[in-house]
Structures are given as C-alpha cells and as structure tokens.
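Morning, everyone. Please have the model open on your screens while I talk.

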Amino acid sequence: MSDPQPPQPLDRLRSHFHTGETPVPSPDCLDADTVAALADGTLDAARRAHALGHVATCALCRRAVASVAEALADGPITHEVEIIEGRRRRLRGQLLKVVTPLAAAAALVLLLLPRHDNHPLVSTLRGPLKADTDAPAPIGPRATAARPDRFVWTAVAHAQRYRLRLYDAEGGVLWTDETSDTAAALPKSVKLSPRSRYFWKVEAQTESGRWSGSELVEFGVETSP
Amino acid sequence: MDDWVAELQRGRFDAAWDLFLDRYRRLIFAAIRHYAQDYDDVMDVFARVCEALRADESRRLRSWVEQPEHRARFSTWLVTVVRNLTVDWFRHRDGRQRLSTVAAELPPLRRRIFELLFLNKRSHVESYEQLKSSDGLDLTFGQFLSEVSATYRVVSGGRRGRILRELGGPPPPVADVEDESATVSERREELEAALGILSPDERVAVELYVVEEMPADAVAKVVGWPNAKAVYNHVYRALAAMRTRLEQADLRADL
C-alpha cells in the first residue's frame, strides 16, 4: 500500500461535522454584498452580529464566506485586485495634481484678503491662533535610507498624539499610524521598493484638538549592493 | 467616480459594459480560474458570467451602484458574484457527474473507494466490506483507512478540489472503527447540541476554522476579532466547552 498518511487530528474532527447532506438555501441566506463584506471584514458590528447569527446555522452561507475569503487570498486574484485598487490610487494622485495648485491659489487669495478675526462668530467659535504653535519636524528618513523602517520626528510641546502618513509617489496612502511617541516603526506588511520614491508627513494634535502638520518629506530606499 | 459607473448612471449600458469589462476582465478570469481548471470550462463560465452580469441592462451592476452605502469593496463583491455563478454553472452542468470526472484520474483502488464513499455515500465499514467481498481485495481495515485518507487528499487538493468542495464533495476520512458506531445524523445531532452552547461568533469561528480550514487571521476578519491569536483562544476554549458537553459521547477524544 502506498502513501499511507494517517489523518491529521483536525481531519477526524472535520469528519464528525460532515454529514454528506446537501444544504438547502433559505430566504434568510445572505446576499452577495453581505458575504463579500464578511469576507472583507468591513461589516459594521450590528450587521455583522446579525449576519453571524445566520451563518452559524447555515452551511451554504458559511461555505460561501469561506470560499470568498480563500479566493481573496489566492495570488492571481490578489494581484488583479491590487492592480485595480492601484489604478484607483493613481487616479486619486492625478486628481491631487489638479486640486493641489487650485487649493494653493485659494490659500493665497485668503492670505491676501483682509482678515476678520474680530468677527463675533469667529471669536466665539474659534480661539485665536497661538503665535508659538509649532509643528513636528521630520528627522528621518530623508533623502535616501538604507532601511527606512523607523520614522522619527521632533516633539511638540503639549502634543497629545501624532499622526503619521506614508504616501507613494502617486499620492496614495500606503500606511497611517497614530502614536503618542515621537517615532513609529514601519510594519513588515508595508514593503518599500528601491525603485520608488516615497513621501511622509507627521501631524501633532494639541490640547485644543487642533492638528499642526509638518512639511512633506521625500525619501527613497538604498539599492542593496 | 469610475467611468463605467458614470456611464451606467447616464443609462448608456453598452458603453458602461465595455468600460467595466475592460477594467475587470482579468479579475473575473482570475476568480473563475480559482475554481475551474479546464480551459473550455473557464471560457464557458466566463461567457455565463458576462451574460448574467449584462442581463437586463446590467441589472446586477446597477443594483450594486444604486446601493446607498457599500458594505464591501466592489472587487470583493465581484469575486463573490463570480464564485456564485461559477458554482451554479458547474452544479447545473454536471453536478454529481463531475465527481466521477475527478475520480477518473485516480488509481483503480482509490477510484473504487471514491465511488463507494463519495458517490454512493457508503459508510467506511460498508465500503470496506464491499471491497473485500465483491471486489476480492485483501487489505486490513487500517490499510483501507490509509487509502481513504490518501484518496481524500488527492481529490480535495488544488483547483479541482475547490469546485468539488463547492459541490458538496467528499467528507474527510475518519481514522477508526469507533466512528462508525454512531450514524452520521446521530453524530451531527450530538454536535448540534454541543455547538448550541456557543455564541454565534464562536460557533462560526469553530466551523470556519475547523471544518472550512480557513486560516485563523481570515476567520478573525469575518467574526470581527482583533487577530489570529484571539481565534486560537476562542476556538480552543469553545472546543473545551463542547468536550465537556460531549463527555459521554464517542467524539470527546477528538475535541
């Protein structure tokens, strides 16, 4: 006899769950959108609880969720989804290229217009800007880094937390993190390529709840010898 | 807004379809190939998917676009729809006959085991007795179970195994004679009673992790737990609770 592999412990348990019966769909079965949202993990808590109540007793829907989750982890499908999502990010980047100059022009107009800080509504709803409000300054990585796996910036007095954003060259957000520290480690799931340029900025939130942002810093990854 | 969505909202269905297909053709093919192996099957399923998505002025696509809020990414929704259409296509085309196609490539003994267990739904003991008496095979019950195990692994692997599972394919083999002491329905009733003590999310996690063999991090996503470790903890606590419930039953050793 060849290939005599004993069943794994969980195989034995699986065999008890398997009845060989063909499950029958019911009117309560989940629609494609709910199955997709469950597999994606994007369903809000209340809807998820409701959906799981059905999935717990419906082998058909359970199979569908498991099947879609497995498909989403399949290399070729993941690759195609990344291409589609990447294209959307590029479109956003192109949009940013158009919107940013417009926003800069609008800001310039606002600066040139006479100020009305003493307007009763403004003075009631918003406190005057402090002259000494400062923003965090990125320390590194800058320019080119051998292993840009840690982002460091200067502290801001009374800052409650910092928010860091890492962008690709097309303006897509690759990673965002919030911390009370003045450094953040890049998670291993975010892969940076030596062939690409990246940008990052950090914002500090002060006691009044306002955010003050740093400049946008560009950097690249050193090519290994 | 995506260009195909804009065209769809303008009522220009042909233009919307062309743009949609241009963008998602490769993803649709990738999703079909996840389940289908044969080139002709892939092309036939693709035609069926296109037909279904384009029917009634792209009713399916419009229903997604017109939702006030989207709970899932469009690409995941599309993969889900393609999966449903693919499974339906296989089920309608050949259903159980498909199982025979799978068995055709197996060595003679495993093909026979496949027929007895998976097509004729015989128990392990019945199948073993049949092989010994009618087929005249000389093998111990342990050897037989090893062959059952190997057969299961062959037919449930790869893309062919995926569509087989979707069509309610073979159950995993059991390892000893004791498992035959209770009928399938008795076993399931006992398990149902034990599963009944779990919360819905624990129950779903147990079934997805144990039965569907989903990775723990994917299970965590579905049930809304923070990570894979939470899944391990919950599932093994749930199995312990079930074990207590089943302490008088034959299943306890497996849990």
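I'll cover the cores, one helix pair and a few backbone details.

A caution to begin with: this is a predicted model.

Start with the core. The largest nonpolar core has 71 residues. Which residues have the most contacts inside it? From chain A, they are A:Val35, A:Val65 and A:Val68. From chain B, they are B:Ile32, B:Val219 and B:Val222. The largest share of this core, ten residues, comes from helix H2 of chain B, residues 13–35. Apart from this core lies another, of 14 residues. A:Tyr167, A:Leu186, A:Leu192 and A:Ala204 are among them.

Now zoom in on B:Val222. What is it in contact with, leaving aside neighbours within four places in sequence? On chain A, the partners are A:Leu38, A:Ala39, A:Gly41, A:Val65 and A:Ala69. On chain B, they are B:Val204 and B:Leu208.

That takes us to the helix pair. Helix H11 of chain B spans residues 200–211, and helix H12 of chain B spans 216–223. They pack at an angle of about 150°, and their axes are 10 Å apart. Angles over 145 degrees count as roughly antiparallel, so H11(B) and H12(B) are roughly antiparallel to each other. The crossing of H11(B) past H12(B) is right-handed.

Who meets whom? H11(B) brings B:Asp201, B:Val204, B:Ala205, B:Leu208 and B:Tyr209. H12(B) answers with B:Ala216, B:Val219, B:Val222 and B:Val223. By class, that contact has eight nonpolar residues, one charged and no polar.

Next, the backbone. Where is the cis peptide bond? It joins A:Gly140 and A:Pro141, with omega about 5°. A:Pro141 sits in the loop between strand E1 (138–140) and strand E2 (143–145) of chain A.

Strand E2 of chain A also holds A:Ala143. This residue is not a glycine, yet its phi is positive, about 55°. Is A:Ala143 buried or exposed? Exposed, because just 10 other C-beta atoms lie within 10 Å, and the cut-off for exposed is 12 or fewer.

Chain B has a case too. B:Glu57 has a positive phi of about 55° and is not a glycine either. B:Glu57 lies in helix H3 of chain B, residues 39–65. With 13 other C-beta atoms within 10 Å, B:Glu57 is partly exposed.

That's my tour. Over to you.

Conventions: Residues numbered from 1 in each chain as written. Chains lettered and ligands numbered in written order. Predicted model: local features only at pLDDT ≥ 70, side-chain atom pairs only at ≥ 80, totals over all residues. Core = buried A, V, L, I, M, F, W, Y, C linked by C-beta atoms within 7 Å. Buried ≥ 20, exposed ≤ 12 C-beta atoms within 10 Å, placed from the backbone. Helix = DSSP H or I, 4+ residues; strand = E, 2+ residues; numbered from the N terminus. Contact = placed C-beta atoms within 7 Å. Axes fitted to C-alpha atoms, helices over the stretch in contact; angles between N-to-C directions. Parallel < 35°, antiparallel > 145°, perpendicular 65-115°, else oblique. Left-handed = near helix turned anticlockwise from the far one by under 90°. Nonpolar A, V, L, I, M, F, W, Y, C, P; charged D, E, K, R; others polar.
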